[in-house]
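This report looks at the packing and the confidence of a single protein model. Please keep the sequence and the coordinates at hand while reading.

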Amino acid sequence: MTPAAYAMLINLCCRHDNAEEALKLKMELARKDSEVALDAQKYVALVRVLSKHGKLEEAIDMLKEMKEKDVQLRDSTISLLTLTMNTAAMKGDANSIRRLQETIFTLGLAKPSSNLCSPLITCYLESGNYAGAFDATVEVHKQYNQMPKIHDLICGLVEKGDAELLQKVVEFLSQERGEMMMLYDLYFAFLQTGRYKEARKIIEVGLLLLCSIHTANLTAKAASHESTLPLRNSSDKAI
């Protein structure tokens, strides 16, 4: 059987969710010709079906082979990787998502993005574990400089009425994004959850903050201007 025939059958097995047969065919192909590389779509299809059926190590091996054989990912195949990790998120499999993300980013198959980082947060949000979602948000931001699903997290906390955890999220956002961006996030979360009174208060606070910033800027400019004025020599006499 030719490599092209193997590739077609592997893809067919993936489409029919047959992880065992897809892996068997891939191993047969590797034994016959170790130099043959599948295209990116077929590799990602293998990663999807293998990780879905608990064969995480084999899925990671496929990603490593992609790197070894210089198989380039396009936007469409990156979207399939996101879908793969979202499938794991629906099952609550945070470990698989972390392993897949770490492998993808470490190998340089794709750069960290909001879409590729979001499944880990989704994993916790779907189970209602908002504390876990917040911890994962901090983790992702620290490792990859991304902050996905922050709006969904805030909305969930507002609806749940978890003021203590919401305060932690607010402090984190203020530190990482600044107070104004934090207020924007809170404002739109209150709007989406129907807390219009609270949303109005956010606008009032935001206006006060803008005024204080503007005043501080004017004061700083005035001080800077005064410091640049030439000092008059006390020994000089007026004529």
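Leaving aside neighbours within four places in sequence, which residues is I154 in contact with? In this predicted model, the contacts of I154 beyond that sequence window are L166, V169, L173, D185, L186 and A189. I154 also belongs to the largest nonpolar core, which holds 72 residues, and together with L153 it touches the most other members of that core. The largest share of the core, 8 residues, is supplied by helix 3 (residues 40-52).

A search of the whole structure for aromatic pairs finds 3 of them. One pair is formed by F134 and F172, whose ring centres are 5.8 Å apart; the planes stand at 85 degrees, which is over the 60 degrees required, so the pair counts as edge-to-face. The pair links distant parts of the chain, since F134 lies in helix 8 (residues 130-144) and F172 in helix 10 (residues 163-177), 38 residues apart. The burial of the two residues is set out below.

| Residue | Relative accessible area | Class |
|---|---|---|
| F134 | 10% | buried |
| F172 | 10% | buried |

Both values fall under the 20% cut-off, and therefore F134 and F172 are classed as buried.

As for confidence, the protein averages a pLDDT of 88, and 86% of the residues score at least 70. Among its elements, helix 8 has the highest mean pLDDT (97), whereas helix 12 (residues 196-228) has the lowest (65). Over residues 234-239 the pLDDT is below 50, and this stretch has 1 contact in the model beyond near neighbours in sequence.

Notes. Residues are numbered from 1 along each chain as its sequence is written. This is a predicted model: local features need pLDDT of at least 70, side-chain atom pairs count only at pLDDT 80 or more; totals for chains, interfaces and linings use all residues. Side-chain values use heavy atoms; hydrogens and water are left out. Rings of Phe, Tyr and Trp (its six-membered ring) pair if their centres lie within 6.5 Å; planes under 30 degrees apart count as stacked, over 60 as edge-to-face and the rest as tilted. Helices (H or I, at least four residues) and strands (E, at least two) are DSSP runs, numbered from the N terminus. Buried means under 20% relative accessible area, exposed over 50%, partly exposed in between (1.4 Å probe, protein chains only). A nonpolar core is a set of buried Ala, Val, Leu, Ile, Met, Phe, Trp, Tyr and Cys residues joined through side-chain atoms within 4.5 Å. Contact means heavy atoms within 4.5 Å. pLDDT is the predictor's confidence in each residue, from 0 to 100.
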